[in-house]
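Dear colleague,

I am passing on the structure we spoke about, together with some notes for you to read beside it. Please look through the coordinates first and then compare them with the notes that follow.

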2 protein chains.
Amino acid sequence: MSIRKGRSVTISDVAEAAGVSRAAVSKVLRNAYGVSPGMRQRVESTIEQLGYRPSVAARALRGSSYRLGLEIPYTGARFMTQIVEGAKRAVAGTPYQIILAPADGPEYDTLESLADGLVDGIIAISPLVDQGWLEDLARRVPVVMLGRHDTPAGYDTVTGDDHAGARAVMEHLLSLGHRRIAHLTEPENVTAPGSGTPHSVRLEVYRACMAEAGLADQIRVARRDVSGGDAVAAAAALLALPEPPTAIFAGHDDMAVDALAAVARAVAVAGRDKTVAVAGYDNTDLAAHPLIDLTSVDQQGVEMGAQAATMLLERLQGRSEPRHYVAATQLRIRSSTAL
Amino acid sequence: MSIRKGRSVTISDVAEAAGVSRAAVSKVLRNAYGVSPGMRQRVESTIEQLGYRPSVAARALRGSSYRLGLEIPYTGARFMTQIVEGAKRAVAGTPYQIILAPADGPEYDTLESLADGLVDGIIAISPLVDQGWLEDLARRVPVVMLGRHDTPAGYDTVTGDDHAGARAVMEHLLSLGHRRIAHLTEPENVTAPGSGTPHSVRLEVYRACMAEAGLADQIRVARRDVSGGDAVAAAAALLALPEPPTAIFAGHDDMAVDALAAVARAVAVAGRDKTVAVAGYDNTDLAAHPLIDLTSVDQQGVEMGAQAATMLLERLQGRSEPRHYVAATQLRIRSSTAL
DNA sequence: GTGAAAGCGCTAACAC
DNA sequence: GTGTTAGCGCTTTCAC
């Protein structure tokens, strides 16, 4: 299965053409110390002339690939756009590039395959992997985890303030007079109590707020299908309850948008009034759309992505003490929760 | 499954532990010819035991990285989700993996950086790069281009049938009695006549259909901001014309959704009836949402992504004659164009 | 069927 | 300041 890639120009070609050693070219490439301006000049113009581009594979084998891997569990999740945007912004102007690795199955596999020498560092959104396993991984390659409320020693974390964000949603809904408030969330494997995933925290806060408000008996939790499908059916099931909720707090905007779909369908079919409030999380682009107009929690996804990339760059510079960044949240109230 | 601390285990470690040569391990790894069952067995269990994972960089340097690069111009575009999904599906079960490279600026850079030995092949969505340049690139590494209506010799192409798709939209709108039909499209650099980009074709078809219907004087083309922002302002400008269009044909669903936003805002502000029909292209998930319910052209994005990946795999198997795949389109009529 | 050995393109010590 | 050299981990003839 060997592919003949057209032979490209190597560092030796450049060295020969410029009449210097390969090491000299390498130094120019990396802005390393010990190159005279004259030689730098000569080498650079030779590089330009020959159209030389360093082989990432060869560099990676010896030093760094100048690639940062960003693992994304689900390509379609709108929140990812913010993260990617932030990460791209943070590496702009550095020699590093972001590559995205869509998780095609168990996230362990994706992360390992990233760690197989392809990238210099990893940003990942993997609530499902074990902390110990991650600490091991982090010994091999710098790691920044997004959305994990653990406090590991070996890697950095970037999270939103899920406690505050979820509480803001609940207080908003309660202050509106809602009592039958349901929570629409991810499958159970992502919300195990104490697991420290964002969705487990949001769920816990939901439960706590309901209990505090004396509404423990009104707690209703619906979950989207494990298969990664949409949450419309789960939301529809809520609406079909004998005493349907008057408000749905969805774990993120994508599910909230699905909930709005379920509500709209119920309205169309049953002719019921659109009395169900819906709130989401992440404040994705779509939330501001006038036809959606979704109340949502802004947790500064772009900033989170940028922080994650910046922290990874810091680790590549040598930092080894862990850092844990928590992004502030702000509730954006829109008409989806209007009275 | 276990990751060892510190320096990772290499092929030599495996060879030593299994009491064979490195070459033997390599052969087992690649299912190459000339390994006895006994030895294979022994090597495999050693690999398992040591948690050995081959270095992608080292493999890439000598042979293949088993990574396919998918360049995506804009992470937020909803159509991309379909492409990625299809590509992932096509490589499932092969030793290859998809990595995504978000274009952070000029697409030339992104493509070159992919070609720098990182991946064995490239799938790209880059209407803006020159065909000659691509042919050069394709000499170095197998390339499949999405959404280019050129017929190059050096690389494969996968497109939708933009002629048929755009015509279906226009015929639909015309049959509904619309005469003031506007087209909302990308900035001019993406729609240059004859450039063969999907959006240039859709625009040409729009113009042709209008002319054929005797509506040449009603042609109105609005473009979204070059900076990559949304198309709401462009759509709003259309609606603010003295004689606003009664229908907007948007170049893709993202812009159509923006158009719906502009319409909704106009309705809210001016109290006008919602009389503007909107049609999109790509039939993204959101189009089916009851609150959006957007008429759109299904061009089988998932299938396109899968085809592209499959064709790339074929090239990696040795095919060198170019293939050009055109996906059939189907108009999905929804209430956004209801009378 | 199996192993020794020569690189792939680059970086990093260490000479000069 | 510049060049020489020894690998990084792997694949791949080519002997045995």
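In what follows, Ala, Val, Leu, Ile, Met, Phe, Trp, Tyr, Cys and Pro are counted as nonpolar, Asp, Glu, Lys and Arg as charged, and the others, Gly among them, as polar. This is a predicted model, in which local features need pLDDT of at least 70 and side-chain atom pairs count only at pLDDT 80 or more, whereas totals for chains, interfaces and linings use all residues. Residues are numbered from 1 along each chain as its sequence is written, chains are lettered from A and ligands numbered from 1 in the order in which they are written, and side-chain values use heavy atoms, with hydrogens and water left out.

The UniProt record, an unreviewed entry, places the feature "domain: HTH lacI-type" at residues 9-63 of chain A; such positions are given in the numbering used here, with feature names shortened, and annotations may be inferred rather than shown by experiment. Over residues 9-63, chain A is 69% helix and 0% strand, and the end C-alpha atoms are 20 Å apart. Helices (H or I, at least four residues) and strands (E, at least two) are DSSP runs, numbered from the N terminus.

Turning to the DNA, 27 residues surround strand C, the closest being A:I11, A:R22, A:R30, A:Y52 and B:R62, where a residue is near a strand if one of its heavy atoms lies within 4 Å of it. This surface has 13 nonpolar, six polar and eight charged residues, and helix 2 of chain A gives the most to it, with five residues. Of the atoms of DNA strand C within 4 Å of the protein, 61% belong to sugar or phosphate and the rest to bases. Among the polar contacts (pairs of N or O atoms within 3.5 Å), a backbone N or O atom of A:I11 lies 2.3 Å from a phosphate oxygen of DNA strand C, while a side-chain N or O atom of B:K27 is 3.1 Å from a base oxygen of that strand.

Around DNA strand D there are 26 residues, the closest being A:R62, B:I11, B:R22, B:R30 and B:Y52, and sugar and phosphate account for 58% of the strand's atoms that come within 4 Å of the protein. Here the largest share of the surface, five residues, comes from helix 2 of chain B. A polar backbone atom of A:S36 is 2.7 Å from a phosphate oxygen of DNA strand D, and a polar side-chain atom of B:R62 lies 3.3 Å from a base oxygen of DNA strand D.

Away from the DNA surfaces, which residues line the largest cavity? A cavity is a set of points, on a 1 Å grid over the protein atoms alone, where a 1.4 Å probe fits but cannot get out, and lining residues have an atom within 4 Å of a point. The lining has 17 residues, of which A:T75, A:T81, B:T75, B:A77 and B:T81 lie nearest the centre, and it divides into nine nonpolar, six polar and two charged residues.

Finally, the structure holds 31 salt bridges over all chains, each being a side-chain nitrogen of Lys or Arg within 4 Å of a carboxyl oxygen of Asp or Glu. One of them joins A:R53 to B:E112, with the closest N and O atoms 2.9 Å apart. This pair crosses between chains, from the loop between helix 3 (37-50) and helix 4 of chain A to helix 6 (residues 107-115) of chain B.

With best wishes

Definitions and conventions: A polar contact is a pair of N or O atoms within 3.5 Å; within protein, one must be able to donate a hydrogen and the other to accept it, and residues adjacent in sequence count only if both atoms are side-chain atoms. On a 1 Å grid over the protein atoms alone, a cavity is a set of points where a 1.4 Å probe fits but cannot get out, and a pocket is an open set with protein on both sides within 12 Å along at least five of seven lines; lining residues have an atom within 4 Å of a point.
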